[in-house]
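Got your viewer open? Let's take a walk through this structure together, one selection at a time.

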Amino acid sequence: MRNIAIAILVVVVASIVIQPLGELANLFREKVTLSSAVSNALRAARDRSLEYELLRELDANVDEERFKDYFADAFEDTLNVSQVNELGDTVTFTSNDGKFNDFTVSFDFVENTDLNGRMVTQVDIEARSDYKFKTKALQLAEEAGSSGKVELISKRTYLLSVRN
């Protein structure tokens with residue numbers, strides 16, 4: 001009888017310890033997924049948004065609206081999300097399958113000249129979302145008003161320049 005009680009106690013304690021570790025693994029996986037989605041979308045937007053007329057002068061001038069459109073297309077395809085609205089330099093995405101909470105992506109474009117007099121564009125991107133818990137116990141804790149909010153954040157600074 002005592003051995004059965006110890007076995008039940010071990011199972012309960014193991015589930016209490018293993019469940020948050022599984023949630024941490026999911027959190028890490030989603031952070032990596034968000035980071036790679038932002039990187040891939042940046043590459044897709046970079047290749048298509050440079051103004052070709054200025055490439056002869058080796059200037060990297062970016063059409064900001066085209067950059068945001070191409071970024072949004074690649075981001076939507078990677079994470080299975082849809083663009084909800086665009087307000088200035090902030091774009092909001094919602095999940096199609098309920099896997100993620102809403103993503104807010106903000107853009108900051110800064111144009112500078114380098115030492116050779118060529119135009120260089122710096123793009124700062126920040127993608128942010130509240131983490132959606134996968135385990136039932138942590139979902140219940142979140143619904144009960146727990147202040148333990150976890151955010152998925154990916155920040156990138158991308159420098160666009162043209163070299164000869």
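Before you click on anything, here is a term we'll need: a salt bridge is a side-chain nitrogen of Lys or Arg within 4 Å of a carboxyl oxygen of Asp or Glu. Keep in mind, too, that you're looking at a predicted model.

**Stop 1: the whole chain**

Show the chain as a cartoon. You should find 3 helices and 5 strands. Walking from the N terminus, their order is α-α-β-β-β-β-α-β. Now colour by burial, if your viewer can do that: of the 164 residues in the chain, 29% are buried. Switch on the surface and you have about 10,200 Å² of accessible area, with 53% of it belonging to carbon and sulfur atoms. How many of the contacts between residues at least 6 apart in sequence join residues at least 24 apart? The share is 55%.

**Stop 2: helix H1**

Select residues 2–49, which make up helix H1. Show the side chains of Ile4, Ile8, Leu9, Val12, Val13, Ile16, Val17, Ile18, Leu21 and Leu24: together they make a nonpolar surface patch of about 970 Å². Zoom in on one of them, valine 12, which lies in helix H1. Its relative accessible area is 41%, so valine 12 is partly exposed.

Stay in helix H1 and move along to glutamate 30. Is this residue buried or exposed? Glutamate 30 counts as buried because its relative accessibility is 1%, and the cut-off for buried is under 20%. To see what surrounds glutamate 30, light up the residues it touches: Lys99, Phe100, Tyr131, Lys134 and Leu152, leaving aside anything up to four places away in sequence.

**Stop 3: a salt bridge inside helix H2**

Time to use that definition. The structure has 7 salt bridges by this rule, and we'll visit a few. Select residues 64–79, helix H2, and pick out lysine 68 and glutamate 65. Their closest N and O atoms are 3.3 Å apart, and the two form a salt bridge. Both partners sit in helix H2, 3 residues apart, which is about one turn of the helix.

Now compare how the two partners are covered. Lysine 68 has 2% relative accessibility, so it counts as buried. Glutamate 65 has 41%, so it counts as partly exposed.

**Stop 4: arginine 128 and its two partners**

Next, select arginine 128, which counts as partly exposed because its relative accessibility is 28%. One partner is glutamate 126: the pair forms a salt bridge with the closest N and O atoms 3.0 Å apart. Glutamate 126 is at 22% relative accessibility, so it counts as partly exposed.

Which other glutamate forms a salt bridge with arginine 128? Select glutamate 151, where the closest N and O atoms of the pair are 2.8 Å apart. Arginine 128 lies in strand S4 (residues 119–130) and glutamate 151 in strand S5 (residues 151–160), so this pair ties together parts that are 23 residues apart in sequence. With a relative accessible area of 33%, glutamate 151 is partly exposed.

**Last stop: a network**

Finally, select Glu65, Lys68, Glu86 and Asp89 together. Salt bridges with shared partners join these four residues into one network. You've already met two of its members, lysine 68 and glutamate 65, as a salt-bridged pair.

How values were computed. Residues are numbered from 1 along each chain as its sequence is written. This is a predicted model: local features need pLDDT of at least 70, side-chain atom pairs count only at pLDDT 80 or more; totals for chains, interfaces and linings use all residues. Side-chain values use heavy atoms; hydrogens and water are left out. Helices (H or I, at least four residues) and strands (E, at least two) are DSSP runs, numbered from the N terminus. Buried means under 20% relative accessible area, exposed over 50%, partly exposed in between (1.4 Å probe, protein chains only). Contact means heavy atoms within 4.5 Å. Accessible areas come from the Shrake-Rupley method with a 1.4 Å probe; for residues, only the protein chains shown count as cover. Patches are made of residues with over 30% relative accessible area and no salt bridge: like charges are joined within 9 Å, nonpolar side chains (Val, Leu, Ile, Met, Phe, Trp, Tyr) within 5 Å.
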